[in-house]
Amino acid sequence: MRKNIVAGNWKMNNDLPLSEALISDLKRQTKTSNAEVMIAPTFTNLWHAFEATRHDDIEVIAQNMHFAENGAYTGEVSADMLKSVGINTVILGHSERRAYFNEDDAILAKKVDQALSKDLRVIFCFGEELADRKAANHEAVVESQIKNALFHLDASAFKNIVLAYEPVWAIGTGETASPEQAQDMHKFIRKTLQDKYGNQVADDMTILYGGSVKPANAKEIFSKPDVDGGLIGGAALKAEDFYAIVNAF
Ligand code: PGA
């Protein structure tokens with residue numbers, strides 16, 4: 001079933017005391033929408049965040065994981081490690097991982113496989129750069145990112161996948177894709193899924209938009225028929241702003 005989701009990606013922000021404080025603020029907010037609420041703190045705060053939100057309508061999720069089961073991968077975190085601290089969902093393929101840590105489609109395909117094999121739900125991110133959009137190449141780029149990382153999967157795997165379209169030029173820049181640009185791309189993504197896997201997978205797929213979503217623009221973006229929620233960076237670091245976005249549905 002298609003869901004509405006608003007997920008906050010905290011990136012490399014908030015040490016443990018700040019994470020505790022933000023979670024306390026989040027717990028004081030009132031949710032008036034039907035959206036599922038997720039927050040993605042950094043690894044060192046996951047266990048605390050999970051414990052602190054145990055009885056709340058907030059799912060704690062991870063920002064990344066490694067593709068290997070375990071072993072000699074200094075500094076990395078495995079799917080089992082995430083599961084052992086209560087995590088059931090992981091973000092994979094964020095453009096910052098792609099750009100700064102050289103995560104390409106082949107690595108991401110392995111990460112997706114590992115996450116799904118451990119029953120982790122995946123929020124899979126992708127999106128074009130400004131040069132791609134200027135060259136009117138954005139659909140081709142997005143199509144290849146999705147195909148290369150996901151199209152080896154069976155249709156049944158897609159019930160544990162959420163897609164997040166995040167045009168790189170709109171992340172952390174204050175630039176937002178217009179609601180029409182977001183809708184056009186989300187429609188194209190759904191069509192790409194439909195061509196390969198049929199109506200059911202396409203209709204049921206939750207597709208999030210990410211890139212400078214704020215309280216002021218969330219309602220208009222979320223009103224588009226193929227936009228099912230948002231992946232929120234900067235505005236997820238303030239509880240009031242984050243819940244204004246959650247409640248924009
Ligand atoms: P932003 O980040 O909302 O700060 O643009 C979005 C993201 O990177 O997920």
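## Glycine 198 and helix 8

Glycine 198 comes right after helix 8 and has a positive phi, near 95°. Helices here are DSSP runs of H or I with at least four residues, and strands are runs of E with at least two, numbered from the N terminus. This is a predicted model, in which local features need pLDDT of at least 70, side-chain atom pairs count only at pLDDT 80 or more, and totals for chains, interfaces and linings use all residues. Residues are numbered from 1 along each chain as its sequence is written, and side-chain values use heavy atoms, with hydrogens and water left out.

Helix 8 itself covers residues 179-197. Its buried residues (under 20% relative accessible area, 1.4 Å probe, protein chains only) include Met185, Phe188, Ile189, Leu193 and Tyr197.

## Helix 10 and its neighbours

Let's move on to helix 10, residues 215-222, where Asn217, Ala218, Ile221 and Phe222 are buried. Down the helix axis, these buried residues fall within an arc of 125° (taken from the directions from the axis to the C-beta atoms), so they line one face of helix 10. Ala216 and Lys219, on the other side, are exposed (over 50%).

The buried residues of helix 10 pack (heavy atoms within 4.5 Å) against helix 8, helix 11 and strands 1, 7 and 8.

## Around the ligand

Which residues come nearest to the ligand? Of the 13 around it (a heavy atom within 4 Å), they are Lys11, His94, Glu166, Gly172 and Ser212.

A side-chain N or O atom of glutamate 166 is 2.6 Å from a ligand oxygen. Backbone N or O atoms of glycine 172 and serine 212 each lie 2.7 Å from an oxygen atom of the ligand. The protein covers 95% of the 290 Å² of accessible area (Shrake-Rupley method, 1.4 Å probe) that the ligand has on its own.

How values were computed
Expected span 1.5 Å × (residues − 1). Polar contact = N/O pair within 3.5 Å; in protein donor to acceptor, adjacent residues only side chain to side chain.
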